[in-house]
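Welcome! Below are some short exercises, each with a worked solution. Try each task yourself before reading on.

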Amino acid sequence: QGGQKSASGMQTVGKVAELDQKGFLQTESPAPIAVVRNPADPKSLLAVNPTCTHQGCLVAWKAERKAFECPCHGSAFAPDGSVQKGPATAALAKYEASIDGENVVVKL
Ligand code: FES
């Protein structure tokens, strides 16, 4: 179901139901993308490239701390991708994400 490209350039990366069940969505295709609901405004979504800007490990969403954390050297990133804790110094790349019916779509 992933990877459908609509006229608007938005690509489906998963279902809203899956996002709400797991608390996040993560996919490698069509690109590395992690999507969470914005903790400050749960009606809106935040999407980042989960490739750590330190040395390229994949970060993981930690719902209890509302942060993306890197297993390699402990960097932490806010839901909007900004650095909370080093050694990483650059923010995660961000994507525009929204809900389209029952799908989560991201603009690549
Ligand atoms: Fe993520 Fe080093 S690769 S902290």
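**Exercise 1. Follow one strand into the next.**

Task: Find how β3 and β4 pair, and how many residues lie between them.

Solution: Keep in mind that you are looking at a predicted model. Start with the pairing: β3 and strand β4, which covers residues 41-48, are antiparallel and share 5 bridges. Next, pick out one facing pair: valine 36 of the hairpin sits opposite leucine 46 in β4. Finally, look at the connection, where 2 residues separate β3 from β4 in a hairpin.

**Exercise 2. Step to the other neighbour.**

Task: Work out what joins β2 to β3.

Solution: First, count the bridges: β2 and β3 (residues 33-38) are held together by 3, and the two strands run antiparallel. Then find a facing pair, such as threonine 27 opposite isoleucine 33 in β3. The link between β2 and β3 is again a hairpin, this one with 5 residues.

**Exercise 3. Assemble the sheet.**

Task: Give the order of the strands in the open sheet of 6 strands, and say which strands are at its edges.

Solution: Begin with a general reminder: strands in a sheet pair through backbone hydrogen bonds, in a parallel or an antiparallel way. Here the pairing is antiparallel, and the order reads β1-β10-β9-β4-β3-β2. The edges are β1 (10-15) and β2 (25-27), each of which pairs on one side only. From one strand to the next, the twist averages 30 degrees. Now zoom in on β9 (residues 94-100) and β10 (residues 103-107), an antiparallel pair with 5 bridges. Within that pair, serine 98 has valine 105 of β10 as its bridge partner.

**Exercise 4. Look inside.**

Task: Which residues of the largest nonpolar core touch the most other members?

Solution: The core has 25 residues, and those with the most contacts to other members are Ala34, Val35, Ala47, Ala97, Val104 and Val106. Two or more residues of this core come from each of β3, β4, β9 and β10. Take valine 106 as an example: leaving out residues up to four places away in sequence, its contacts include Met10, Val13, Ile33, Val35, Ala47 and Ala97.

**Exercise 5. Classify one residue.**

Task: Is serine 44 buried or exposed?

Solution: Locate serine 44 first; it belongs to strand β4. Then count its neighbours: there are 11 C-beta neighbours inside 10 Å. A residue is exposed if that count is 12 or fewer, so serine 44 counts as exposed. One more thing to check is the distance to alanine 97: the two C-alpha atoms are 8.2 Å apart, although 53 residues separate them along the chain.

**Exercise 6. Step back to the whole chain.**

Task: How many helices and strands does the protein have, and what radius of gyration?

Solution: Count the elements to get 1 helix and 10 strands. Reading from the N terminus, they run β-α-β-β-β-β-β-β-β-β-β. For the radius of gyration, a compact globule of 108 residues would come near 13 Å, and the protein agrees because its value is 13 Å. Buried residues account for 31% of the 108.

To finish, compare this with the record: UniProt, in an unreviewed entry, places "domain: Rieske" at residues 10-106. Over that stretch the chain is 7% helix and 46% strand, with its end C-alpha atoms 5 Å apart.

Terms used. Residues numbered from 1 in each chain as written. Predicted model: local features only at pLDDT ≥ 70, side-chain atom pairs only at ≥ 80, totals over all residues. UniProt positions renumbered as here; feature names shortened; annotations may be inferred. Helix = DSSP H or I, 4+ residues; strand = E, 2+ residues; numbered from the N terminus. Pairing = 2+ DSSP bridges. Axes fitted to C-alpha atoms, helices over the stretch in contact; angles between N-to-C directions. Core = buried A, V, L, I, M, F, W, Y, C linked by C-beta atoms within 7 Å. Buried ≥ 20, exposed ≤ 12 C-beta atoms within 10 Å, placed from the backbone. Contact = placed C-beta atoms within 7 Å. Rg over C-alpha atoms; globule rule 2.2 N^0.38 Å.
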